[in-house]
Amino acid sequence: MEEPEQLITDGKRIDDRKPEEMRPLKIEAGVLKKADGSAYLELGKNKVLAAVYGPRELHPRHLQRPDRAVLTCRYDMAPFSVEERARPGPSRRSREISKVSREALEPALFLQKYPRAGIEVSMEILQAGAGTRTAGISAASVALADAGIPMRDLVASLAAGKADDTIVLDLGKEEDQLGEADMPIAYMPQKEQITLLQMDGNFSPDEFDEALELAIEGCKQVYEKQREALSKKYAKEEKK
């Protein structure tokens, strides 16, 4: 990738966004008939498909929990999702994102309602364009709600970061690779609870506070799109 001279020029980013502006977001719930719940999400160039299976009896039985369901998450990038073909199968990165995705989603779920059960969440990245972990978590949250699993709140996820010493929302590809810092978070707006916070790079204390506040505001925008997608799905079902 040819490095641009500046990531921000006259207050505008490479893709002509303002620092506090996120990429175009589209979410659709209930896109897969064979899954118990599903969602499709586009964020900028990211295209993500999330599916939920369960709750159902967990096998093998030694993995069961007598007091709650076991949530498993699988994040996977399709070989055709990036310019240089991704190697099929789990990688160290995909295992790490699978783990943090589970940790981000678990606080939203009433897992104790389903003892000895398993709930499987699959996040398939069909096209990658920076911010796939946050896009995957946001899509998975909608898929869980679509599956009818009781939730305390939806989990919305987005990143803030620093590019050219400016705090920006929802980093694009160049900002992600060439910027100074990146902070993906997951957030439950109604509960005002952060369920994931990671950081790569360096912020001053003031920059950290500014980035966190901006990321939370971004998550609230994602949350409205999540609610809208579920409302549209329910409205279609009522018409049938």
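Biologist: How far does helix α1 (residues 92-105) reach from its first C-alpha to its last?

Modeller: This is a predicted model, in which local features need pLDDT of at least 70, side-chain atom pairs count only at pLDDT 80 or more, and totals for chains, interfaces and linings use all residues. Residues are numbered from 1 along each chain as its sequence is written, and side-chain values use heavy atoms, with hydrogens and water left out. Helices (H or I, at least four residues) and strands (E, at least two) are DSSP runs numbered from the N terminus, and the expected span of a helix is 1.5 Å times one less than its number of residues. Helix α1 has 14 residues, and its reach, which is close to the 20 Å expected at 1.5 Å a residue, is 20 Å.

Biologist: Which elements do the buried residues of α1 pack against?

Modeller: A residue is called buried under 20% relative accessible area, exposed over 50%, and partly exposed in between, with a 1.4 Å probe and protein chains only. In α1 the buried residues are S94, I97, S98, V100, S101, A104 and L105. With contact meaning heavy atoms within 4.5 Å, they pack against β6 (70-77), β7 (117-127), α2, β10 (181-188) and β11 (193-197).

Biologist: How far apart are the end C-alpha atoms of helix α2 (residues 132-146)?

Modeller: Helix α2 has 15 residues, and at 1.5 Å a residue these should span 21 Å. The model agrees with that expectation, since the end C-alpha atoms of α2 are separated by 21 Å.

Biologist: How many residues of α2 are buried?

Modeller: The chain just after this helix has a feature of its own, as G148 takes a positive phi of about 80 degrees. Within the helix, which is mostly covered, the count of buried residues out of 15 is 15.

Biologist: Which residue lies 72 residues from L154 in sequence and 7.9 Å from it in space, C-alpha to C-alpha?

Modeller: L154 sits in the loop between α2 and β8 (156-163), and it counts as buried because its relative accessibility is 9%. Leaving aside neighbours within four places in sequence, its contacts include S141, A145, Y187, M188 and Y223. The residue at that separation, also among the contacts of L154, is Q226.

Biologist: How far apart in space are S141 and Q226, C-alpha to C-alpha?

Modeller: S141 belongs to helix α2 and counts as buried, since its relative accessibility is 0%. Not counting residues up to four places away in sequence, S141 touches L105, M151, L154, V155 and Q226. Although S141 and Q226 are 85 residues apart in sequence, their distance in space is 8.4 Å.

Biologist: Which residue does a cis peptide bond join to H59?

Modeller: One cis peptide bond joins G54 and P55, with omega about 5 degrees, and P55 lies in strand β5 (residues 46-57). The bond that starts at H59 is also cis, with omega near -5 degrees. Its partner, which lies in the loop between β5 and β6, is P60.

Biologist: Is D10 buried or exposed?

Modeller: D10 lies in the loop between β1 (8-9) and β2 (12-13), and its phi is near 50 degrees, a positive value in a residue other than glycine. Its relative accessible area is 79%, and therefore D10 is exposed.

Biologist: Is A130 buried or exposed?

Modeller: A130 is not a glycine, yet it has a positive phi of about 80 degrees, and its place is in the loop between β7 and α2. Its relative accessible area is 13%, and therefore A130 is buried.

Biologist: What is the radius of gyration of the protein?

Modeller: The protein has 4 helices and 12 strands. Its radius of gyration is close to the 18 Å of the globule rule for 240 residues, so the protein is as compact as a globular protein of that length. That radius is taken over C-alpha atoms, and the rule is 2.2 Å times the number of residues to the power 0.38. Along its principal axes the C-alpha trace spans about 55 × 40 × 35 Å, and the radius of gyration is 18 Å.

Biologist: What share of the 240 residues counts as buried?

Modeller: Contacts give one view of the fold, in that 67% of those between residues at least 6 apart in sequence join residues at least 24 apart. Burial gives another, and the share of residues that count as buried is 48%.
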